[in-house]
Every structure is written in C-alpha cells, then in structure tokens.
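Trainee: I have a model open and would love a close look at one part of it. Could you walk me through it slowly, and then place that part in its surroundings?

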Amino acid sequence: MRREDDLLVRLHDAAQASHALPSLEPQALDLSAGYTLQREALRRRQAGGERLTGWKVAFAGRAAQDRFGIDEPVLGGLTDVMAVKPGSTLALARLIQPKLEIELAFVLGRTLVPGFYSDEDILAAVSEVAPAFEIADCRWEGWRFGVGAFLADNAAAGLYCLGSRVRFHPEQLTHVTYRLECDGVPCGEGNAQAREDTPPRQTCAGWYGACWPTGSALKRARWCFPALCWRPWTSRPPNTGCTCLAWNWLWFSRRMKTVDSKNCLLK
C-alpha cells in the first residue's frame, strides 16, 4: 500500500473509532500534499453518497498564517452528513477532541468561476448569511500538526449547525455583536468592529482561500464558514458523565434590528 493510501486509511479509521493519531513531524506533509490527500478523501466520501454542501475556511487571520508559513487561508470540505440539526443532542463519545467555534456562515447567490475578484465583487456575490456553530474535531493527537497534516485531516472539519438565513448586506457585518452561553451562563461575547480580522475581511479572504487551492468554481448556494467570531471553545464539559451542555449562540445586527440564535446540545 502506498504511503498516501495508508495515511488516508488511518485517518478514516481514526474517525470511525473516535481516537487520535500520533502527530506527524511538521515537514512530513507539505501544503500541496495535504490538499491532494484531502481531495482524494472527499472524492471517496462523495462516491460513497455524501453531498458536498460548502467549505470551512481556516487560518484567515495573519497570525495563524505566519505560524504555519503560508500567505493564504486554507479550507476543508463540508458535506450533508456533517450537519447537526438545531436543538439536537450530540454524544461527545462520537468525537475525538472537539472544539466549539461560533461562526458567521455565508452562502453564494451566484457561481464564481476561477479568476480575479475584488473584495467588492466577492461580497456582492454573497446572498445570505446565518449564525452557525462549527464543531471542529482534530484527528491528530493534542491538536499538533503541520499545515499539510491539517489539510489531510480536512482542516479539522467535524460537524456544523446552521441558524436561520437572512438576506446579506455588506454594511451589516460591521454592526454584528455576539454572545455565547452554556446552560444559560454567558461564556463570552464580542463585537465585529473590535476584531482586527473583521468578518468582511475574513469573508473575502475566505472565498479567495476556497478558490485558490481547488482551481474550480465556487458554486451557487454552497456555504462558506470564513468568519470565526470567538476563540475555539473546548466543548467537553468538566464532568462528561452527568451533564448536557446547551450552547446558545446569539447575534444582533443593529442594521437589521433582528436577533437570531442557535442551540446545539452536547452530552
């Protein structure tokens, strides 16, 4: 068995058995090799009946890119079987080392073929936005990886949960505030304006990131998760045997004068 095939089998088996793999040396896989493995794994999953629904974008900020020696965001694929229904209960035993991230998810209103696009062009192509959870789950022990191994692991894309869609207006993104609650207790809050890597900037970088490695069109109606609102939150409770976590992600836009929320139960 080729080394690449062996690694794909090991990653697949780790996900099925919910156990982490020993970390590879950072130089073991470069960015190109990581994307090659990711594409092949997604191809096999689609051949097995999964449907590609969008993209998770990672390392949209400059600090993360500098850490891994890259100058563009990276991405992982999202499929229909990764979607978690709002209000559902999710057993942590099926995950390896999950982290909860609150995001803004964007959907394209028209297909973008490969080529040059200004930030204004990209934002004009977005038709809708929604609050979302990403439950990232890394198959490398201790979340230790080089960029190639991270991509081979599909950018640690685990599960996702989407809130209600609303019509997108670019100016709206500068007015978003957000709050994360756990069992009714506030865990954190923030404001898009206070971030260095603001959602508009992340959104444009994210779509560029999705165009850059794939060389294929970004299709209409697919989701993209480029806008991380809050630092990743370890979703495993202190005592997993006796509690169920109700994560509540609320966002407010003064421009729209609406409040939306998203619940996902983890136990």
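How many residues of strand β1 (residues 52-58) are buried?

Mentor: Happy to take that one. Please keep in mind that this is a predicted model. In strand β1, seven of its seven residues are buried, so the strand is mostly covered. The partner of β1 is strand β2, residues 74-79, and the two run antiparallel, joined by six bridges. To find the register on your screen, look for G54, which stands opposite L78 in β2.

Next, the packing around this strand pair. As a general point, nonpolar side chains tend to be buried together in soluble globular proteins. Here the largest nonpolar core has 29 residues, and the members that touch the most others are F59, V74, W140, F145 and F150. Both β1 and β2 supply at least two residues of this core, as do α1 (3-17), α2 (31-47) and α5. The largest share, five residues, comes from α5.

F145 is a good place to zoom in. Setting aside neighbours within four places in sequence, F145 is in contact with F59, F68, C138, W140 and F150. Of these partners, C138 is buried, with a relative accessible area of 0%. Apart from this core there is a second, separate one of 22 residues, whose members include L90, L92, C161 and L162. C161 is also buried, at 0% relative accessibility. If those cysteines make you wonder about cross-links, a search of the whole structure finds zero disulfides.

Now the rings. The structure holds six aromatic pairs. One of them joins F68 and F145: the ring centres are 5.8 Å apart and the planes lie at 15 degrees, so the pair is stacked. This pair links distant parts of the chain, with F68 in helix α3 (residues 62-68) and F145 in the loop between β5 (126-137) and α5, 77 residues apart. F68 is buried, with a relative accessible area of 14%, and F145 counts as buried at 14% as well. Another pair, F106 with F168, is edge-to-face, with 5.6 Å from centre to centre and 85 degrees between the planes. F106 lies in strand β4 (residues 98-108) and F168 in the loop between β7 (166-167) and β8 (176-182), so this pair ties together parts that are 62 residues apart in sequence. F106 is buried at 0% relative accessibility, and F168 is buried at 6%. Back by the first pair, F59, F68, W143, F145 and F150 form one aromatic cluster.

There is also a backbone detail to check. Most residues other than glycine have a negative phi. N154, however, has a positive phi near 60 degrees, and A156 has a positive phi of about 60 degrees. N154 is found in the loop between α5 (147-152) and β6 (159-162), and A156 lies in the loop between α5 and β6 too. N154 counts as buried at 5% relative accessibility, while A156 is buried with a relative accessible area of 1%.

Finally, step back to the whole chain. The protein has six helices and 13 strands, and buried residues make up 50% of its 267 residues. Among contacts between residues at least 6 apart in sequence, 75% join residues at least 24 apart. The accessible surface comes to about 12300 Å², of which 51% belongs to carbon and sulfur atoms.

Notes. Residues are numbered from 1 along each chain as its sequence is written. This is a predicted model: local features need pLDDT of at least 70, side-chain atom pairs count only at pLDDT 80 or more; totals for chains, interfaces and linings use all residues. Side-chain values use heavy atoms; hydrogens and water are left out. Helices (H or I, at least four residues) and strands (E, at least two) are DSSP runs, numbered from the N terminus. Buried means under 20% relative accessible area, exposed over 50%, partly exposed in between (1.4 Å probe, protein chains only). A disulfide is a pair of cysteine sulfur atoms within 2.5 Å. Two strands pair if DSSP finds at least two bridges between them. A nonpolar core is a set of buried Ala, Val, Leu, Ile, Met, Phe, Trp, Tyr and Cys residues joined through side-chain atoms within 4.5 Å. Contact means heavy atoms within 4.5 Å. Accessible areas come from the Shrake-Rupley method with a 1.4 Å probe; for residues, only the protein chains shown count as cover. Rings of Phe, Tyr and Trp (its six-membered ring) pair if their centres lie within 6.5 Å; planes under 30 degrees apart count as stacked, over 60 as edge-to-face and the rest as tilted.
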